[in-house]
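The following exercises concern strand pairing, charged side chains, nonpolar cores and backbone angles. Please attempt each task before reading its solution.

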Amino acid sequence: EGKYVRAYGQVGDRPGSFARPKGVAVDREGRVYVSDAAFQNVQVFEDNGRLLMAFGQPKQGEGMSLPAGVAIDYDHVPLFARYAAPNFKIDYLVIVASQIAPNKVEVFGFGKMVGADYNAPAAGAKSR
């Protein structure tokens with residue numbers, strides 16, 4: 001509707017900050033994905049603005065380089081399922097377009113390991 005909702009991150013060099021944001025996408029759960037050409041990564045935020053994770057730091061000669069865009073795709077998961085690790089179920093794809101990397105487009109599968117209990121406390125975590 002063209003109305004301001006909220007801002008994510010700020011200019012800086014810390015996690016959750018941006019130097020050259022180039023692309024933004026939102027998944028069905030409301031998570032926001034921002035590609036940053038300076039950090040050469042994608043940062044993922046909850047819908048309330050809390051940073052969840054970042055991925056994609058380049059390796060020498062491979063990986064994303066100057067990412068220019070990011071998109072979320074639920075429709076083409078079956079095309080990539082065979083490339084996932086055994087017992088990993090891809091729920092959706094995150095597609096990143098890079099400006100100068102050898103692979104101009106990279107596809108990341110997001111999902112869960114089949115049989116894993118994601119509600120169990122982490123190893124070493126104390127419950128109250």
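Five exercises with worked solutions follow.

The model is predicted, so local features need pLDDT of at least 70 and side-chain atom pairs count only at pLDDT 80 or more, while totals for chains, interfaces and linings use all residues. Residues are numbered from 1 along each chain as its sequence is written, and side-chain values use heavy atoms, with hydrogens and water left out.

**Exercise 1. The four-stranded sheet**

Determine the strand order of the open sheet of four strands, its edge strands and the angle between neighbouring strands.

Solution.
1. Strands are DSSP runs (E, at least two residues), numbered from the N terminus. Two strands pair if DSSP finds at least two bridges between them.
2. The order is β1-β2-β3-β4, and the pairing is antiparallel.
3. At the edges lie β1 and β4, each of which pairs on one side only.
4. Neighbouring strands are turned by 20° against each other on average, direction ignored. Here the axes are lines fitted to C-alpha atoms, and angles run from 0 to 180 degrees between N-to-C directions.
5. Strand β1 (residues 21-26) pairs with β2 in the antiparallel sense over five bridges. These two strands form a hairpin with five residues between them, and glycine 30 in the turn has a positive phi of about 90°.
6. Within this pair, alanine 25 stands opposite tyrosine 33, and proline 21 has aspartate 36 as its bridge partner.

**Exercise 2. The three-stranded sheet**

Describe the open sheet of three strands in the same terms.

Solution.
1. The order is β5-β6-β7, with antiparallel pairing.
2. The edge strands β5 and β7 (105-113) each pair on one side only.
3. On average, neighbouring strands of this sheet are turned by 25° against each other, direction ignored.
4. Nine bridges join β6 and β7 in the antiparallel sense. Phenylalanine 88 stands opposite methionine 113 in β7.

**Exercise 3. Charged side chains**

How many salt bridges does a search of the whole structure find, and what surrounds aspartate 36?

Solution.
1. A salt bridge requires a side-chain nitrogen of Lys or Arg within 4 Å of a carboxyl oxygen of Asp or Glu. The search finds three.
2. Arginine 31 and aspartate 27 form one of them, with the closest N and O atoms 2.6 Å apart. Aspartate 27 is buried because its relative accessible area is 6% (buried is under 20%, exposed over 50%, partly exposed in between; 1.4 Å probe, protein chains only). Arginine 31 counts as partly exposed, at 24% relative accessibility.
3. Arginine 50 and glutamate 46 meet in another, at 2.8 Å from N to O. Glutamate 46 is partly exposed, with a relative accessible area of 24%.
4. Aspartate 91 forms a salt bridge with lysine 89, the closest N and O atoms being 2.9 Å apart. Aspartate 91 is partly exposed at 32%, as is lysine 89 at 48%.
5. Aspartate 36, in strand β2 (residues 32-36), is buried yet has no salt bridge. The nearest side chain of opposite charge is that of arginine 20, 5.8 Å away; Lys and Arg count as positive and Asp and Glu as negative, whereas His and the chain ends are not counted.
6. Leaving aside neighbours within four places in sequence, aspartate 36 is in contact (heavy atoms within 4.5 Å) with residues including Phe18, Arg20, Pro21 and Pro67.

**Exercise 4. Nonpolar cores**

Which elements give two or more residues to the largest nonpolar core?

Solution.
1. A nonpolar core is a set of buried Ala, Val, Leu, Ile, Met, Phe, Trp, Tyr and Cys residues joined through side-chain atoms within 4.5 Å.
2. The largest has twelve residues, among them Ala25, Tyr33, Phe55, Ile72 and Phe110.
3. The elements in question are β3 (41-45), β5 (67-73) and β6 (88-98). Of these, β6 gives the most, with three residues.
4. A second, separate core of five residues includes Tyr8, Phe18, Val32 and Phe45.

**Exercise 5. Positive phi values**

Where do glutamine 40 and leucine 66 lie, and what phi does each have?

Solution.
1. Most residues other than glycine have a negative phi.
2. Glutamine 40, in the loop between β2 and β3, has a positive phi of about 55° although it is not a glycine.
3. Leucine 66, in the loop between β4 (51-55) and β5, also has a positive phi of about 55°. At 22% relative accessibility, leucine 66 counts as partly exposed.
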